[in-house]
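Open the model in the viewer and show side chains as sticks. The tour goes from one aromatic ring to the next.

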Amino acid sequence: MQRGVEGKVTVILAALVTCVLLGAVAGWALVTLTRTDPSRAETAQPLTASGPRLPTQAPEEPYADDVALPTLQPKLDYRPIRIGSDAYAWRGTVPRGWLTTVIGPNENTYVPPDSEGGGYGLRLELVLGQRLSPQALVDQRLVAFRSLFEDVHVLLKTADTIKMSYRDPQANWLRFNTFRWIPDANGTAAVEVSVAGREQDLPGLDDLLETVSASVRPAD
């Protein structure tokens, strides 16, 4: 009887861990952009001066046309923000004029005012409670994407950043998503910065990620 109970507890715990991991990945795509965000890892190549290494093989199923939002441009104007609680908070900058959606006390998304789903956006989340290194979260995110989405291609993978393209499962769009984890003084991942958008938005998304990441630090 004891072995049976222990087995049931193990199954329940494994299911809970899986749900938490998949929810962290899918939530961004679901909430921010579309209104609908495996252990085998592919060898990743870094970005080159000519840009990301995009898939050269045509997909079996054509992608649907994305929304007709103007292309995201680099060098946006930014404003300061604060995320978290009085006991634990971080600050940074986000594009001025973008609309804020508060997902929870430690998670916000930001999209341009003319966004109607799809297009591009930014997400910030405090993740210190996971007590993992940025590298561990990079590896977890790749595994989760391969289990959730089709046509996943790694465009960049470093110790704190992963950039991927994939097929949106509901709208059938080609999407690009980059995640970066900012560590605290102990090297533990504290803030997740992620950007997502279309192929034409890639230069703007890269600039957005770098600008926001550089601005993120503990609140005074």
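Select Y166 first. In this predicted model, Y166 is buried, with a relative accessible area of 2%. The cut-off for buried is under 20%.

Next, add F145. F145 is also buried, and its relative accessible area is 0%. A search of the whole structure finds 6 aromatic pairs. F145 and Y166 form an aromatic pair: the centres are 5.1 Å apart, the angle between the planes is 90°, and the geometry is edge-to-face. Now colour by secondary structure. F145 belongs to helix 2 (residues 134-148) and Y166 to strand 7 (residues 161-167), so this pair ties together parts that are 21 residues apart in sequence.

Keep F145 selected and add F179. Which geometry do the rings of F145 and F179 have? Their planes stand at 75° with the centres 5.7 Å apart, so the pair is edge-to-face; planes over 60 degrees apart count as such. F179 lies in strand 8 (residues 174-183) and F145 in helix 2, so the pair ties together parts that are 34 residues apart in sequence. As for exposure, F179 is buried, with a relative accessible area of 0%.

Stay on F179 and bring in R141. What sits over the ring of F179? The charged end of R141 does, 4.6 Å from the ring centre.

Finally, extend the selection to F149 and W181. Together with F145, Y166 and F179, these residues are linked by ring pairs into a cluster.

Notes. Residues numbered from 1 in each chain as written. Predicted model: local features only at pLDDT ≥ 70, side-chain atom pairs only at ≥ 80, totals over all residues. Heavy atoms only, no water. Phe/Tyr/Trp six-rings, centres within 6.5 Å; stacked < 30°, edge-to-face > 60°. Helix = DSSP H or I, 4+ residues; strand = E, 2+ residues; numbered from the N terminus. Buried < 20%, exposed > 50% of the residue type's maximum accessible area, 1.4 Å probe, protein only. Lys NZ or Arg CZ within 6 Å of the ring centre and 35° of its normal.
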